[in-house]
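Me: I have a structure open and would like to learn how to read its features one at a time. Could you walk me through it?

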There are 2 protein chains.
Amino acid sequence: MKYADFLNMVDDSTRAVCRRVYAENKDTIKIKKEETAIKNLEKILGAVFDITYEKGFQAMSMRDLSRRSGLSMGAMYPYFRSKEELLGIILRQGRAMLKNVFEKFKTGSERPEDRLEKVIKAHIFLSERAKPWFYFMFMEAKNLSAGERKAILESEAYTEAVIVEILEAGERAGVFRKRRHVLTASIIKAMQQEWYLKRWKYARRKVTVDEYADYVINFVNSFCLVQNSDMEAN
Amino acid sequence: MKYADFLNMVDDSTRAVCRRVYAENKDTIKIKKEETAIKNLEKILGAVFDITYEKGFQAMSMRDLSRRSGLSMGAMYPYFRSKEELLGIILRQGRAMLKNVFEKFKTGSERPEDRLEKVIKAHIFLSERAKPWFYFMFMEAKNLSAGERKAILESEAYTEAVIVEILEAGERAGVFRKRRHVLTASIIKAMQQEWYLKRWKYARRKVTVDEYADYVINFVNSFCLVQNSDMEAN
DNA sequence: GTCTATACACAGATAGAC
DNA sequence: GTCTATCTGTGTATAGAC
């Protein structure tokens, strides 16, 4: 699977995501006209990601956000009751995106080595497609209320458990070596995170997401596969 | 090399670090008595790390810091001119710790595979010894002034370059495979970061730093070392 | 050296005109 | 729906007593 294939399988365009955000928060968003709401949500969320990437969510003032989004303070607040609620909306949506993709890609193939590759790549490709969301979720996860924090941890545990399950199935099937699968899964997640946490590095070096994903798969297979026949360099 | 061996080779106890912080900032710190200064620096830095781990440096108010450190506002400010300068002092010291350890461990052994192991482990062990410093440096690196930001990037590039150099030497010596060494080095760094970014996870699972470091070395060697089957094929 | 009290800028949030 | 003007709390930093 290549990134181009992935894009054909999911619709996580900015517009589509904002439409979902609107639909799922209709009770708190005070704007009635859907088109207006989606258009402004795009401006607001885009501005949040830009500013947050530069200096973090805490350091972003609502005046910063107003300036960058092109909306006045009075025009923004009908979209959320408080800055903290805005944070919650973004994190909830981000988790939902990740979970949806995992549900879609964790099944289907029969061979464990194919399932592993699909799940790892799906995560990396989604983080490429929705880079600002992933960067945001990681960086702002620490500033959360108890409830939000719990949700993040559960989301982390879930994606890790999916990988562990695949590794165990592969060991039973005799294609993966006996390892400490929980540790392996953690390290795989670290490799995936690297992609969206150090976005500037790979952009500057002109490493594509397909190259990176293939490199990770190769790295993981060297360690996990029983017969180590990765003759293909890179 | 085990963590216990590492601890015998470096002195990065809280006290020793605070002594160095005082020595290197004597021009801006207004306290004359060294003992008083070091004692209070320990309180201040400890409180900064505690609060920052919970909610980030930006969200930490100076009143928070005063309460947690046990010093009044008036008693803290002689140690730094502003909150931003406090940030700078911590980051500068953290970079120096990392650089010192790298300089110490990157040479010595002759065989590239031993050098690689030593450098990887030294980084992980230092991050264990000085966990709050590393977590802090990673999480707060984004909120920096231009000068500080540049220094962080150079520090990143330096540690990566050391690893790349070892991988290249190993390839020339015929012990490491031909790979995209820059990508490998990036991924190794991601594995190292995992240890101090997800400290709670490994603490809860009772994974020791020696276990983690050995697992990483094993993972990396699977990918990098020329295998017996390869040599037979040649 | 360390304290308390305070200056004053800026934060998040809202009211009310249009 | 969107604007400007404004309320009120909290932030960083300092002055001056002890």
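Me: Which residues of H8(A) are buried?

Reply: Keep in mind that this is a predicted model. The buried residues of H8(A) are Lys131(A), Trp133(A), Phe134(A), Tyr135(A), Phe136(A), Met137(A), Phe138(A), Met139(A) and Glu140(A). Helix H8 of chain A spans residues 131-140, and with 9 of its 10 residues buried it is mostly covered.

Me: What should I know in general about the way residues point along a helix?

Reply: An α-helix has 3.6 residues a turn, so residues three or four places apart point the same way. For a case to look at, try Ser69(B), which is found in helix H4 of chain B. The side chain of Ser69(B) reaches the backbone oxygen of Ser66(B) at 3.3 Å.

Me: Is Ser69(B) buried or exposed, and what is it in contact with beyond its neighbours within four places in sequence?

Reply: Ser69(B) counts as buried because its relative accessibility is 6%, the cut-off being under 20%. Setting aside those sequence neighbours, Ser69(B) is in contact with Lys43(B), Ile44(B), Ala47(B) and Met76(B).

Me: Now the DNA. Which residues come nearest to DNA strand D?

Reply: There are 20 residues around DNA strand D, and Lys32(A), Lys33(A), Ser72(A), Met62(B) and Arg63(B) come nearest. Of the atoms of DNA strand D that come within 4 Å of the protein, sugar and phosphate account for 56%.

Me: Where do polar atoms of the protein lie relative to the phosphate oxygens of DNA strand D?

Reply: Take three cases, and note whether side chain or backbone is involved. A polar side-chain atom of Tyr77(B) lies 2.9 Å from a phosphate oxygen of that strand. For Asn40(A), a side-chain N or O atom is 3.2 Å from a phosphate oxygen of DNA strand D. With Lys83(B) it is a backbone N or O atom, at 2.8 Å from a phosphate oxygen of the strand. The elements giving two or more residues to the surface near DNA strand D are helix H3 (34-55) and helix H5 (73-76) of chain A, together with helix H4 (62-69) of chain B.

Me: And which residues come nearest to DNA strand C?

Reply: Met62(A), Arg63(A), Lys83(A), Lys32(B) and Ser72(B) come nearest, out of the 20 residues around DNA strand C. Within 4 Å of the protein, 60% of the atoms of DNA strand C belong to sugar or phosphate, and the rest to bases. A base oxygen of DNA strand C has a polar side-chain atom of Arg63(A) at 2.8 Å. An N or O atom in the side chain of Ser72(B) is 2.7 Å from a phosphate oxygen of DNA strand C. By class, the surface near DNA strand C has 8 nonpolar, 6 polar and 6 charged residues.

Me: How do I read the relation between chain A and chain B?

Reply: Look at the turn and the shift that lay one copy on the other. Chain A can be laid on chain B with an RMSD of 0.1 Å by a turn of 180° and a shift of 0.0 Å along the axis. That is the relation of a two-fold axis. The same surface serves both copies, as 89% of the contact residues of chain A recur in chain B.

Me: How many disulfides does the structure hold over all chains?

Reply: A disulfide is a covalent bond between the sulfur atoms of two cysteines. Here there are 0 disulfides over all chains. For Cys224(A), the closest cysteine sulfur is in Cys224(B), and at 15 Å it is too far for a bond. Cys224(A) counts as buried, at 2% relative accessibility.

Definitions and conventions
Residues are numbered from 1 along each chain as its sequence is written. Chains are lettered from A and ligands numbered from 1 in the order in which they are written. This is a predicted model: local features need pLDDT of at least 70, side-chain atom pairs count only at pLDDT 80 or more; totals for chains, interfaces and linings use all residues. Side-chain values use heavy atoms; hydrogens and water are left out. A residue is near a molecule or strand if one of its heavy atoms lies within 4 Å of it. A polar contact is a pair of N or O atoms within 3.5 Å; within protein, one must be able to donate a hydrogen and the other to accept it, and residues adjacent in sequence count only if both atoms are side-chain atoms. Helices (H or I, at least four residues) and strands (E, at least two) are DSSP runs, numbered from the N terminus. Buried means under 20% relative accessible area, exposed over 50%, partly exposed in between (1.4 Å probe, protein chains only). Ala, Val, Leu, Ile, Met, Phe, Trp, Tyr, Cys and Pro count as nonpolar, Asp, Glu, Lys and Arg as charged, and the others, Gly among them, as polar. Copies are superposed by least squares on the C-alpha atoms of residues with pLDDT of at least 70 in both. Contact means heavy atoms within 4.5 Å. A disulfide is a pair of cysteine sulfur atoms within 2.5 Å.
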